[in-house]
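Got the viewer open and a selection tool at hand? Let's take a walk through this one, stop by stop.

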Amino acid sequence: MRKLRKVVPAARRHEVVEGEAAPADVLSYLLHLPEDYDSDPARTWPLVLFLHGAGERGADLEAVERHGIPKLAEAGQEFPFVVASPQCPASSQWVPEVTTLARLLDEVEAEYRIDPSRIYVTGLSMGGYATWSLAVRYPERFAAVAPVCGGLWMQSPEPIRDVPVWAFHGEEDDVVPISRSEEIVTVLEALGADVRFTRYPGVGHDSWTATYDDPALYDWLLSHRRTDKAPAS
């Protein structure tokens with residue numbers, strides 16, 4: 001995949017100095033494009049927003065590639081979708097950044113050929129919390145979501161009752177207890193939501209390696225599309 005270094009909002013790119021903390025409300029991010037992105041100018045592509053964990057915060061954008069989808073893309077794996085992987089500032093957490101993350105989606109959609117009916121979000125640990133939170137805040141934006149070892153703070157999952165969810169968590173997680181995912185899944189099941197939950201017996205906090213190494217996750221994400229949105233003609 002082709003890797004690009006980007007900043008959102010794009011108009012404030014001049015404020016970002018490599019290796020230094022980004023200003024408030026500005027996020028640096030990696031964008032990975034499929035190798036054949038330019039082969040058909042009429043083709044639109046799914047978009048996956050990947051949200052890293054707390055350990056990858058800071059001003060070294062390459063730290064985003066330590067885990068998950070950007071790690072696999074950097075290692076040479078090709079994905080049939082565009083991947084946006086922002087970096088959270090060291091002084092912040094993802095949940096307070098959800099408005100800027102929504103702006104990131106706006107800018108990627110505007111600049112690249114993205115299918116608006118096939119936008120997905122996934123993330124691990126702190127990024128798992130943000131996956132839940134972003135989907136609850138903007139449920140109309142996502143065709144499906146895949147939170148990994150995350151949870152919700154002071155929010156109800158009710159707004160995503162119509163958004164397909166696949167959650168993942170290690171049963172022996174002593175950083176984010178599995179109960180954080182269980183509570184949300186239980187509520188969604190009671191609402192009749194399309195939700196599945198993968199529990200990893202004997203696995204601690206690192207439930208993301210098995211999750212992102214499994215092609216079934218990507219097949220599942222891409223099998224969903226929003227029926228209330230259509231690609232631009």
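One bit of vocabulary before we set off: a residue counts as buried under 20% relative accessible area, as exposed over 50%, and as partly exposed in between. Glu74, with a relative accessible area of 43%, is therefore partly exposed. Keep in mind as you click around that this is a predicted model.

**Stop 1: the sheet**

Start by colouring the strands. There are 8 of them in an open sheet, in the order 1-2-4-3-5-6-7-8, and the pairing is mixed. Which strands stand at the edges? Strand 1 and strand 8 do, each with a single partner strand, so one side of each has no neighbour in the sheet. Look along the sheet and you'll see the turn from strand to strand: neighbours are rotated by 20° against each other on average, direction ignored.

Now zoom in on the strand 8 end. Strand 7 and strand 8 run parallel and pair over 6 bridges. To see one of the pairings, select Val165 together with Val195, its bridge partner in strand 8.

**Stop 2: strand 4**

Next, select residues 82-86, which make up strand 4. How many of its residues are buried? The count is 5 of 5, so the strand is mostly covered, given that buried means under 20% relative accessible area. Show the side chains: Val82, Ala84 and Pro86 point one way, while Val83 and Ser85 point the other way.

Strand 4 has strand 2 (residues 27-33) as an antiparallel partner, over 4 bridges. Strand 3 (residues 45-51) runs parallel to strand 4, and 3 bridges join the two. For one example of each pairing, pick His32 with Val83, then Leu47 with Val82.

While you're here, add helix 1 (residues 68-74) to the selection. Strand 3, helix 1 and strand 4 together make a right-handed β-α-β unit.

**Stop 3: His32**

Stay with His32, which lies in strand 2. Is His32 buried or exposed? Its relative accessibility is 0%, so His32 counts as buried. Ask your viewer for its contacts, skipping neighbours within four places in sequence, and you should find Met1, Arg2, Lys3, Glu65, Pro70, Ala73, Glu74, Phe81, Val82 and Val83. For a distance to try out, take the C-alpha atoms of His32 and Glu78: they are separated by 9.6 Å, with their positions 46 residues apart along the chain.

**Stop 4: salt bridges**

Time to switch to charged side chains. Side chains of opposite charge can pair when their charged atoms come close. Across the whole structure, 15 salt bridges turn up.

Begin with Lys3 and Glu74, where the closest N and O atoms are 3.2 Å apart. Lys3 sits in strand 1 (residues 2-8) and Glu74 in helix 1, so this pair ties together parts that are 71 residues apart in sequence. Lys3 is partly exposed, at 32% relative accessibility.

Then jump to Arg225 and Asp115, a salt bridge whose closest N and O atoms are 3.4 Å apart. Arg225 is in the segment after helix 6 (215-222) and Asp115 is in strand 5 (residues 114-124), so parts 110 residues apart in sequence are tied together. The two ends have their own surroundings: Arg225 is partly exposed at 47% relative accessibility, whereas Asp115 counts as buried at 5%.

A further pair to select is Glu171 and Arg199, which meet in a salt bridge at 3.1 Å, N to O. Glu171 belongs to the loop between strand 7 (165-170) and helix 4 (179-190), and Arg199 to strand 8 (residues 195-200), 28 residues apart. Glu171 is partly exposed at 30% relative accessibility, and Arg199 is partly exposed with a relative accessible area of 36%.

Before moving on, select Lys3, Arg5, Glu62, Glu65 and Glu74 in one go: salt bridges that share partners join them into one network.

**Stop 5: two helices**

Last, select helix 2 (residues 98-111). Its 14 residues reach 20 Å from first C-alpha to last, close to the 20 Å expected at 1.5 Å a residue. Its buried residues are Val98, Thr100, Leu101, Ala102, Leu104, Leu105, Glu107 and Val108. They pack against strands 1, 2, 3, 4 and 5, and against helix 3 (126-137).

Finish on helix 3, which lies across strand 3, strand 5, strand 6 (144-148) and strand 7, running at about 140° to strand 5.

Note on methods: Residues numbered from 1 in each chain as written. Predicted model: local features only at pLDDT ≥ 70, side-chain atom pairs only at ≥ 80, totals over all residues. Heavy atoms only, no water. Buried < 20%, exposed > 50% of the residue type's maximum accessible area, 1.4 Å probe, protein only. Pairing = 2+ DSSP bridges. Right-handed = clockwise from strand over helix to strand, strands pointing away. Salt bridge = Lys/Arg side-chain N within 4 Å of Asp/Glu carboxyl O. Expected span 1.5 Å × (residues − 1). Contact = heavy atoms within 4.5 Å. Axes fitted to C-alpha atoms, helices over the stretch in contact; angles between N-to-C directions.
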